[in-house]
Each structure stands twice: as structure tokens, then as C-alpha cells.
Amino acid sequence: MRILDTFTALTAELTAELTVRQKQYNYYRDQLLTFEEGEVEWKPLGEIGEFIRGKRFTKADYVDDGIPAIHYGEIYTHYGVAASHTLSQVRAEMAASLCYAEPGDVVMTGVGETVEDVGKAVAWIGSEKVAIHDDSWAFRHSINPKFVSYVMQTTAFINEKAKHVSSGKVNRLLINGIKKVPIPIPYPNDPKKSLEEQAHIVAILDKFDTLTHSISEGLPHEIAWRQKQYEYYRDLLLTFPKKEEKQCASD
């Protein structure tokens with residue numbers, strides 16, 4: 001059983017390490033996007049861009065080959081900071097009745113089970129437009145989409161966002177309120193320098209994000225692999241050969 005204890009201890013150590021890395025990631029993300037130093041202007045979202053609401057589709061509309069689509073529920077469970085491919089597609093004949101996020105838009109959930117879930121964001125960085133559900137919004141702007149998505153993960157933004165969520169059986173984003181929430185724009189009077197700084201910050205945060213959240217790289221992958229090893233050896237060690245049953249002798 002020492003083998004299993006070793007795997008259990010290693011998995012616990014890696015999980016603890018991942019928790020520390022996630023805290024570090026959250027800390028540095030918030031620090032980078034606080035802009036306590038340097039030239040920055042905090043502008044309301046409504047002044048930076050516009051919000052476009054999606055149109056309804058259901059699971060019955062899903063197909064294997066159709067129009068790429070993002071359902072608001074998938075933003076909680078499937079997407080991270082950004083996405084270039086969709087999990088789902090809907091019927092092509094629905095094209096005219098749908099509303100789309102364009103490449104570079106940030107898609108935000110409009111409803112959620114908790115206040116924290118409402119307004120969760122994913123930057124759409126695919127090469128084509130994507131249909132979005134009516135319980136979500138596309139934020140259309142001219143700045144770095146991943147920069148916006150990272151800002152929307154910060155503690156400061158989440159605290160401000162919470163002031164513009166209607167609580168009830170369903171928590172819903174109050175779009176006229178969220179338009180008033182400010183986000184930082186570095187070097188606002190120099191668009192080129194501003195985009196360069198946004199890209200620089202995104203590159204730093206991408207490294208932390210990969211280490212802490214990616215399922216194919218970093219610690220989460222290592223933990224998942226160690227868990228599979230543990231399960232393999234557990235089943236191997238705890239599978240005992242059955243004793244042969246004695247047959248009654250016949251006269």
C-alpha cells in the first residue's frame with residue numbers, strides 16, 4: 001500500500017501547489033490591471049463600446065455541422081479567457097434569425113445561479129462571427145479583447161459588476177448599469193502605445209493562465225495524469241485472483 005500512499009501524497013502536493021499558483025495568478029492579474037503607476041484612464045464600458053444582445057436558440061437546434069454558436073451556459077463550464085472555436089453549432093437555416101458576436105468581441109453571460117457567475121466573459125478571437133444566446137451579450141469595442149476579458153476577471157471589476165445584478169430566482173445582468181462600470185485604458189492618448197501595452201499585459205497573464213488552468217499543459221495536466229496512474233495501480237494492486245471452487249466428487 002506504500003505505492004498508493006506515495007501517489008496520494010504526490011497528488012495532494014501538486015494540488016496544493018496549484019492552489020498557490022492560482023492565488024499568485026489572481027494576485028498578479030489584479031496588480032497588473034490596477035495601474036497604480038503609469039499613464040492610464042478609467043473609462044466606462046459604455047463609452048468604450050456597445051452591447052449587443054443575442055437571440056434565442058435551444059439544444060434542439062444543435063447540429064454537428066452548422067453555424068458556430070456560444071450558449072451562455074457553456075461560458076461557465078467550457079470556455080476560459082478566450083476562445084477561437086465553439087463547442088456547439090446550430091442549424092444553418094436559422095442564420096437570419098440569429099445575433100452574432102464578431103471576432104474581437106467579448107461575450108458576457110446575462111444570467112447566472114450566483115452573482116459572481118453573471119457577466120462572466122470570454123473573448124471571441126475566432127476568424128468568423130459566432131451566434132450567441134439571448135441570455136448573453138456581445139461587447140463590441142476596438143481594444144484588445146483578451147485584455148478586456150482579463151480585466152473582467154479582476155476582483156475590482158467583479159465587485160463593481162455585482163452592483164448591477166438583479167438578484168432573485170434568476171440573477172440577471174442589468175445592462176444599463178454594467179455600461180457604467182469603468183475599466184483601465186493605458187496610454188489613452190496614444191492608441192498604438194495603448195494596444196502595445198495591452199498586448200504586453202495579455203502575454204504575461206497568458207503564461208499564468210496556461211500554468212494554472214490549461215488541461216493540456218501545466219499543473220492541472222500533471223494532477224490529472226497522476227490521478228490516472230493512482231487509479232491504475234490501485235486497481236492493479238487490489239485485484240486479487242479468485243480462489244477456485246472445489247467441486248463435489250460424484251459417486
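A salt bridge here is a side-chain nitrogen of Lys or Arg within 4 Å of a carboxyl oxygen of Asp or Glu. The model on screen is a predicted one, and by that rule it holds seven salt bridges. The tour starts with three of them.

**Stop 1: D105 and R140**

Select D105 and R140 and show their side chains. They meet in a salt bridge, with 2.8 Å from N to O. D105 lies in the loop between strand 6 and strand 7 (106-109), while R140 belongs to strand 11 (residues 136-140), so the bridge ties together parts that are 35 residues apart in sequence. Switch on a surface and compare the two ends. D105 is buried, because its relative accessible area of 2% falls under the 20% limit. R140, at 25%, counts as partly exposed.

**Stop 2: D135 and R172**

Next, select D135 and R172. Their closest N and O atoms are 3.3 Å apart, and the two residues form a salt bridge. D135 sits in the loop between strand 10 (130-132) and strand 11, and R172 is in strand 13 (residues 171-173); the pair links distant parts of the chain, 37 residues apart. D135 is buried at 15% relative accessible area, whereas R172 is partly exposed at 34%.

**Stop 3: R91, D61 and E93**

Now select R91 and D61. This salt bridge has its closest N and O atoms 2.8 Å apart. R91 is in the loop between strand 5 (88-90) and strand 6 (100-101), and D61 is in the loop between strand 2 (50-53) and strand 3 (62-70); the two are 30 residues apart. R91 counts as partly exposed, at 27% relative accessibility. D61 counts as buried, at 10%. Add E93 to the selection: D61, R91 and E93 are joined into one network by salt bridges that share partners.

**Stop 4: the sheet of four strands**

Switch to a cartoon view and color strands 5, 3, 10 and 6. They form an open sheet in the order 5-3-10-6, and the pairing is mixed. Strand 5 and strand 6 are the edges, each pairing on one side only. Zoom in on strand 3 and strand 5, which pair in the antiparallel sense over four bridges. To find one place in this pairing, select I67; its bridge partner in strand 5 is V90.

**Stop 5: the sheet of three strands**

Which strands make up the open sheet with antiparallel pairing? Color strands 8, 13 and 12: they form that sheet in the order 8-13-12. The edge strands are strand 8 (111-112) and strand 12 (165-166), and each pairs on one side only. Strand 8 and strand 13 run antiparallel and are joined by two bridges. Select G112 to see one such position; its bridge partner in strand 13 is N171.

**Stop 6: aromatic rings**

Return to side chains, this time for the rings. A pair of aromatic rings is described by the distance of the centres and the angle of the planes. The count of aromatic pairs is seven. One to inspect is F57 with Y62: the ring centres are 6.3 Å apart and the planes stand at 50 degrees, so the pair is tilted. F57 is buried at 2% relative accessibility, and Y62 is partly exposed at 26%. Then select Y25, Y27, Y28 and F208, which form one aromatic cluster.

**Stop 7: lysines over rings**

Select K129 and Y100. The charged end of K129 sits over the ring of Y100, 4.3 Å from its centre. Then select K193 and Y187. K193 lies over the face of Y187, also with a distance of 4.3 Å from the ring centre. Stay on Y187 and look at its backbone: phi is positive, about 45 degrees, although this residue is not a glycine. Y187 is found in the loop between strand 14 (182-186) and helix 7 (191-213). Its relative accessible area of 21% makes Y187 partly exposed.

**Stop 8: Q24 and T212**

Finish at Q24, which lies in helix 1 (residues 2-32). At 33% relative accessibility, Q24 counts as partly exposed. How far is the C-alpha atom of Q24 from that of T212? The separation is 9.7 Å, for residues that are 188 apart along the chain.

Methods. Residues numbered from 1 in each chain as written. Predicted model: local features only at pLDDT ≥ 70, side-chain atom pairs only at ≥ 80, totals over all residues. Heavy atoms only, no water. Buried < 20%, exposed > 50% of the residue type's maximum accessible area, 1.4 Å probe, protein only. Pairing = 2+ DSSP bridges. Phe/Tyr/Trp six-rings, centres within 6.5 Å; stacked < 30°, edge-to-face > 60°. Lys NZ or Arg CZ within 6 Å of the ring centre and 35° of its normal.
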